[in-house]
Structure formats: structure tokens, C-alpha cells
2 protein chains.
Amino acid sequence: MLRIVLIEPIYEGNVGSVARVMKNFGHADLVLVNPCKLGGEARAFASHATDVLYGARIVETIGEALEGSHLVIGATGIIGLASNEHMRMPYSSPEKLRERLNGISDENIITLLFGREDNGLCNDELKLCEVIVNIPLNAEYPIMNLSHAVAIILYELSNIECGEIELAETFDRNLLYTHLDELLSDLGYPPHKHQKTLLMLKRIFGRANLMPREVQTLRGILKLIQKRSKH
Amino acid sequence: MLRIVLIEPIYEGNVGSVARVMKNFGHADLVLVNPCKLGGEARAFASHATDVLYGARIVETIGEALEGSHLVIGATGIIGLASNEHMRMPYSSPEKLRERLNGISDENIITLLFGREDNGLCNDELKLCEVIVNIPLNAEYPIMNLSHAVAIILYELSNIECGEIELAETFDRNLLYTHLDELLSDLGYPPHKHQKTLLMLKRIFGRANLMPREVQTLRGILKLIQKRSKH
């Protein structure tokens with residue numbers, strides 16, 4: 001199941017357009033974080049998808065928007081250029097993202113985060129994303145309309161071949177990341193590399209389609225390492 | 001090379017949006033057949049693609065829009081249900097269309113026809129199309145915003161693996177179709193099936209990626225058949 005989260009959208013027409021294309025592809029789980037006022041223009045652009053528009057959950061924090069997610073994917077028009085820029089690297093094309101999601105159960109909530117029309121997602125928001133997706137565009141003008149980006153990603157992901165795999169919840173994976181954070185400190189990992197390495201670990205586990213049991217076992221191992229390293 | 005033709009677009013915002021997404025994917029060949037007035041809203045939606053918007057060729061007939069094309073593809077939201085409805089059958093998904101175009105040279109002008117926001121392409125316009133493309137959507141609301149449809153098709157076709165194949169021009173293939181039309185009459189083909197069968201032949205040759213020499217040879221064969229059948 002796909003959830004679309006729009007962070008602080010500025011133009012109500014775009015919100016309406018996103019609702020419309022969501023319904024075109026059979027989706028209805030729309031969450032808006034601190035959106036602009038939604039009036040007649042949003043309604044006009046939603047066309048026959050006012051049910052999706054009016055059914056949108058409006059929240060104040062990203063945390064609320066992500067609740068219950070099994071995977072958080074951030075869409076960005078700006079990509080990292082060096083492989084050590086973990087903020088925006090590695091990124092997937094929509095096609096690679098679809099291939100990666102093949103086999104997962106439709107019960108999982110796959111959350112797609114889209115940023116503001118002018119500034120996209122900020123770094124703190126990107127850090128919450130486990131996977132980064134980028135639509136390959138012409139270098140001369142790579143800034144796409146928000147609803148076009150949603151349309152293209154929903155189009156590509158409409159071909160996921162669903163299976164039986166149940167993913168761990170983002171909430172539980174976050175406990176793993178907190179654990180890794182502690183471990184790096186415990187190990188005396190160089191503080192100036194700490195955050196960057198933590199983000200790299202998050203990117204690795206984010207693209208690994210971890211199952212609940214795997215997260216549990218990994219946390220068990222981390223606990224053991226912490227215990228031993230303290231002696 | 002892709003050309004986008006919009007037939008009698010009603011909303012200037014959509015025309016601007018189409019210009020924008022064309023530039024996002026590196027295209028500039030936009031033709032508008034009897035468009036609505038293009039003012040500030042078209043400009044606003046085009047954003048940084050006003051060069052594509054203002055560079056659009058405005059024409060009065062579809063014939064002018066298709067000039068120089070090597071393949072004419074019609075996009076439709078309504079698909080044929082029976083395999084004998086040649087007007088809208090067979091249709092390709094954008095993905096199948098891309099696969100079919102793999103190998104053709106980038107010198108070919110591949111023209112994509114998009115119809116009016118309310119009524120799409122009429123039957124006479126669909127008859128001009130050699131290939132029909134349809135984006136698979138949810139049955140509950142399969143009517144997509146015009147610029148979203150353009151965005152998705154351009155996204156998919158941005159992955160064509162170009163090669164060396166030069167297609168015959170639509171103009172020359174049309175001579176072949178005229179020839180087939182004559183031949184059916186010469187053969188005394190049942191008049192009530194004539195147009196339908198002609199359209200079927202057009203759909204077959206339309207998806208065959210005919211090269212100029214092949215069209216020439218086919219016409220030679222037709223000429224021979226006509227000559228013999230008259231004796």
C-alpha cells in the first residue's frame with residue numbers, strides 16, 4: 001500500500017493534482033504536513049478525486065505523517081554526486097525502486113515523501129528517509145512539477161509484483177538505528193564521522209527490505225556487542 | 001526525436017505544464033492544433049520552459065502537425081474491449097511502446113498525439129494513428145490530467161535504446177495505405193468490411209517499424225497484384 005506525504009505544499013492546485021493522479025492509480029492515503037490553504041483551486045484540480053483530497057490527513061509534524069510506515073522513501077530532484085554523500089546517496093531511479101519492492105506484501109505501508117515546490121526536502125527530512133528516489137531528467141531543466149513527479153513514481157510503482165514479504169515497521173528500524181547510534185558512541189567512533197556513518201548504515205539497512213525478525217536479531221547482536229565492549 | 005502534438009487543448013495551464021515536462025525530459029518539438037488562448041497562466045505553468053511554450057508551432061489542421069513524422073502514436077484513455085475494434089485495438093502500454101521503439105534511430109520523428117481534455121481524440125484522429133498507447137489506470141477513475149499523461153509517456157520513452165533503424169515516413173506509409181485501399185476495392189472486398197479491414201492493415205503495418213525500402217517493395221507487390229487481378 002502506498003502513502004503519499006506532501007511536506008508543506010505551497011500551491012493548492014498541486015495538492016489537487018496529486019489527489020487526482022493518486023485516484024487514477026487507485027491510491028487514497030494522502031497526508032499533508034502543514035499545507036497551504038485548500039480551496040476551490042485544489043478542488044478544481046482534484047477533479048473527480050475530491051474524496052482523496054478531502055480524505056487527506058492534515059498533520060503538523062512529519063513524525064505523525066510517517067506513523068505505521070514500513071518504508072520511508074524520499075523523492076528528490078537534487079542528487080548526491082559523490083558516493084560518500086549519504087544524505088542523497090545512493091539514490092534509485094523509480095525503475096530500480098520498483099524492482100527492489102518486488103515481492104513485498106501489499107499490507108506494507110510504503111510512504112513516499114515529497115518536499116516543497118521551491119525547496120524540496122530539507123536535510124533533516126532526508127535523514128528520515130531510508131531510500132532516496134530520483135527521476136532521471138535533462139540536466140538543462142531538471143526541476144519537475146510536484147504532481148508530475150508523483151504521477152511518474154506512481155506509474156512506475158503500479159507495476160510492483162506483490163508477494164508475501166512483510167517488512168519491519170519504520171518505527172522498529174528506528175530503534176535499530178538508535179541502537180547503532182549508541183554503539184558508535186560506545187565504540188569511541190570518531191565524533192566527526194559519527195553522523196555520516198550512521199546515515200550510511202541507515203541507507204544500507206533501508207534498502208535491505210528487513211523483516212521484523214531480522215531487526216530483532218540484529219538488535220540482539222548489537223546488545224551483545226555493547227555488553228562485551230563495555231567490559 | 002519525439003514530437004508532442006496537442007489537439008485543441010482547452011486549458012492554457014495544461015499547455016504550459018506540457019511545455020515544462022517536455023523540457024524536463026529534453027524535448028522541444030511542440031505542435032498545437034487550434035489551441036485555446038495562451039496567456040499568463042500558460043506561462044506560469046511552463047515555469048522555466050517558456051522557450052518550449054513560445055517555440056510551439058501553432059497550426060490549424062492535424063495534417064500540418066504530422067508533417068515529416070515517421071510514426072504517429074495516439075494516446076487514449078479509452079481502449080477497445082474487443083479484438084475486432086481496430087480503432088483502439090490493439091493498444092500498447094507505454095512500456096511495450098518503448099520496447100517496440102528500441103533500436104530505431106534518434107533521427108526519426110516519433111509523433112505523439114494527445115486529444116482534448118474532455119473528449120480525447122475523435123475517431124477520425126485515431127484513424128490517423130498507426131499505434132495506440134494507453135496508460136493502465138484504476139478502473140474507478142481512469143481519466144488522467146493531460147500533462148500527467150504526457151509526463152508518464154515521456155518518462156517511459158526516455159529509456160528508448162536508440163539504434164540505427166530508420167523508419168519510413170508516415171507520408172510514404174500513407175501511400176501504401178491508399179494503395180491497400182484501392183486493392184481491396186479492386187478485389188471486390190465486401191464494402192461493409194472495407195474500412196475496418198483497412199484500419200486493421202494500418203495497425204499491423206503501423207507496429208511493424210517499416211523501413212523505406214520495405215514500403216517500396218510492398219507497394220511493388222501490391223501493384224503486381226492489382227495488375228494481375230484486373231486481367
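Which residue in β2(A) does A:Ile4 stand opposite? Select A:Ile4 and look across to β2(A): A:Leu30 is the residue that stands opposite. The model on display is predicted.

**The strand pair around A:Ile4**

Extend the selection to strand β1 (residues 2-7) of chain A and strand β2 (residues 29-33) of chain A. These two strands pair in the parallel sense, and five bridges connect them.

**The helix on the sheet**

Next, select α7(A), which packs on the sheet and touches β1, β4 (71-75), β6 (110-114) and β7 (131-133) of chain A. With β6(A) also highlighted, compare the two directions: that of α7(A) makes about 155 degrees with that of β6(A).

**The whole sheet**

Now display every strand of chain A. The open sheet is formed by seven strands, with parallel pairing, and its order reads β3-β2-β1-β6-β4-β7-β5 (chain A). At the edges stand β3 (57-59) and β5 (91-92) of chain A; each has a single partner strand, so one side of each is left without a neighbour in the sheet.

**Chain A as a whole**

Show the full cartoon of chain A, which contains 10 helices and seven strands. The radius of gyration of chain A is 18 Å, close to the 17 Å that the globule rule gives for 231 residues, so chain A is as compact as a globular protein of that length. Its C-alpha trace spans about 65 × 40 × 30 Å along the principal axes. Colouring by burial would mark 40% of the 231 residues in chain A as buried. A contact map of chain A adds a further view: of the contacts between residues at least 6 apart in sequence, 84% join residues at least 24 apart.

**The two domains**

Colour residues 2-157 of chain A as domain 1 and residues 170-230 as domain 2, following the domain assignment. Between the C-alpha centres of domain 1 of chain A and domain 2 of chain A the distance is 27 Å. Where the domains touch, domain 1 of chain A contributes 13 residues to the contact and domain 2 of chain A contributes nine residues. On the domain 1 side of this contact in chain A, seven residues are nonpolar, three polar and three charged.

**The interface with chain B**

Finally, bring chain B into view. Here 23 residues of chain A are in contact with 23 residues of chain B. Select α1 (12-24) and α7 (146-157) of chain A: each supplies at least two residues of the side that touches chain B. That side of chain A divides into 11 nonpolar, nine polar and three charged residues. The tour thus ends at α7(A), the helix that also packs on the sheet.

Definitions and conventions. Residues numbered from 1 in each chain as written. Chains lettered and ligands numbered in written order. Predicted model: local features only at pLDDT ≥ 70, side-chain atom pairs only at ≥ 80, totals over all residues. Domains from an automatic or database assignment. Contact = placed C-beta atoms within 7 Å. Nonpolar A, V, L, I, M, F, W, Y, C, P; charged D, E, K, R; others polar. Helix = DSSP H or I, 4+ residues; strand = E, 2+ residues; numbered from the N terminus. Pairing = 2+ DSSP bridges. Axes fitted to C-alpha atoms, helices over the stretch in contact; angles between N-to-C directions. Rg over C-alpha atoms; globule rule 2.2 N^0.38 Å. Buried ≥ 20, exposed ≤ 12 C-beta atoms within 10 Å, placed from the backbone.
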